[in-house]
Amino acid sequence: MIPWEELDETAIPGEAGTLRLKRRGAEYSIMLGANELMNSRLSGSEEALAELSAEKLAGRARPMVLIGGLGMGFTLRAALAVLPKDARIIVAELVPAVIAWARGPMADVFSGSLDDPRVEIVEGDVAALIAASKGRLDAILLDVDNGPDGLTRDDNDRLYSLAGLAASRRALKKGGVLAVWSAHPDERFTARMRKSGFETEAKTVRAHRKKRGLKHVIWLGLAR
């Protein structure tokens, strides 16, 4: 078996944790300690985050979509495939090195998606962009941390609190979509979304496109 090669490591802003980028042949992995946050072979649920959101936006002209978390670009590439040509997609990524990896060692994985004219990459906290986008967004897609139960950064928890959900609600147009990716189900988060004014459903999706293996959860909330 081909051994893993560590390509780079970087500190998470404001936290003690370190992200590491590893490669084995054509496979890439981003690790936090002993935890694998993402792997280039497992893209199904991140793609579903964009696809399920786009279904809710069908028929909207010039939709503006905010994606929280660049990762390996799976959600971004899926959004480009299913959103209309007049869409605008803003991707917020807190960790500068993740953007550098996308343009550097993982450029093949991203397949030129960062250069699409519909895309704007913003280095910074997605919470700040949400707070500055009152009533402007058609959709917010959050693939930040491990879901509502944070793993990489304590500050991420605020996105999923009642206050954070209220901020997302204010940032969305009427009928806009808040979509949240998670590695695990969380009934308490479902309740918080509903309490925050979202018509909410939780969908179970496969991490792998071959309909086997790990299952993840995507919440879809329509702003009333």
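The legends below describe close-up views of a predicted model.

**View 1. The seven-stranded open sheet of the predicted model.**
The strand order is S7-S6-S5-S8-S9-S11-S10, and the pairing is mixed. Strand S7 (119–123) and strand S10 (198–206) are the edge strands, each pairing on one side only. On average, neighbouring strands of this sheet are turned by 15° against each other, direction ignored.

**View 2. The pairing of S10 with strand S11.**
Strand S11 covers residues 215–223 and pairs with S10 in the antiparallel sense. Nine bridges join S10 and S11. Thr-200 stands opposite Gly-221, which belongs to S11. S10 is an edge strand of the sheet.

**View 3. Helices H2 and H3 on the sheet.**
Helix H2 (residues 74–82) packs on the sheet and touches strand S5 (64–68), strand S6 (88–93), S7 and strand S8 (137–142). The direction of H2 makes about 175° with that of S6. Helix H3 (residues 96–103) also packs on the sheet, where H3 touches S6 and S7. The direction of H3 makes about 140° with that of S7.

**View 4. The aromatic cluster of Tyr-160, Phe-189 and Trp-219.**
The count of aromatic pairs comes to two. In the pair of Tyr-160 and Phe-189, the ring centres are 5.7 Å apart and the planes stand at 85°; planes over 60 degrees apart count as edge-to-face, so this pair is edge-to-face. Tyr-160 lies in the loop between S8 and helix H6 (162–171), and Phe-189 in helix H7 (residues 187–195), so the pair ties together parts that are 29 residues apart in sequence. The pair of Phe-189 and Trp-219 is likewise edge-to-face, with 4.8 Å centre to centre and 80° between the planes. This second pair links distant parts of the chain, with Phe-189 in helix H7 and Trp-219 in strand S11, 30 residues apart. Both Tyr-160 and Phe-189 are buried. The relative accessible area is 0% for Phe-189 and 1% for Trp-219, which is buried too.

**View 5. The surroundings of Ser-45 in helix H1.**
Helix H1 spans residues 44–56 and includes Ser-45. With a relative accessible area of 0%, Ser-45 is buried; the limit for that class is under 20%. A polar contact of 2.8 Å connects the side chain of Ser-45 with the side chain of His-216. Not counting residues up to four places away in sequence, Ser-45 touches Trp-181, Val-205, Arg-206, Ala-207, His-216 and Ile-218.

**View 6. The surroundings of Asp-8 in strand S1.**
Strand S1 covers residues 5–11 and contains Asp-8. The relative accessible area of Asp-8 is 34%; the class of partly exposed residues runs between 20% and 50%, so Asp-8 is partly exposed. The side chains of Asp-8 and Trp-101 are joined by a polar contact of 2.8 Å. Trp-101 is among the residues that Asp-8 touches, together with Leu-19, Arg-20 and Leu-21, not counting residues up to four places away in sequence. Asp-8 and Ile-30 are 22 residues apart in sequence, and their C-alpha atoms are 9.8 Å apart in space.

How values were computed. Residues numbered from 1 in each chain as written. Predicted model: local features only at pLDDT ≥ 70, side-chain atom pairs only at ≥ 80, totals over all residues. Heavy atoms only, no water. Pairing = 2+ DSSP bridges. Helix = DSSP H or I, 4+ residues; strand = E, 2+ residues; numbered from the N terminus. Axes fitted to C-alpha atoms, helices over the stretch in contact; angles between N-to-C directions. Contact = heavy atoms within 4.5 Å. Phe/Tyr/Trp six-rings, centres within 6.5 Å; stacked < 30°, edge-to-face > 60°. Buried < 20%, exposed > 50% of the residue type's maximum accessible area, 1.4 Å probe, protein only. Polar contact = N/O pair within 3.5 Å; in protein donor to acceptor, adjacent residues only side chain to side chain.
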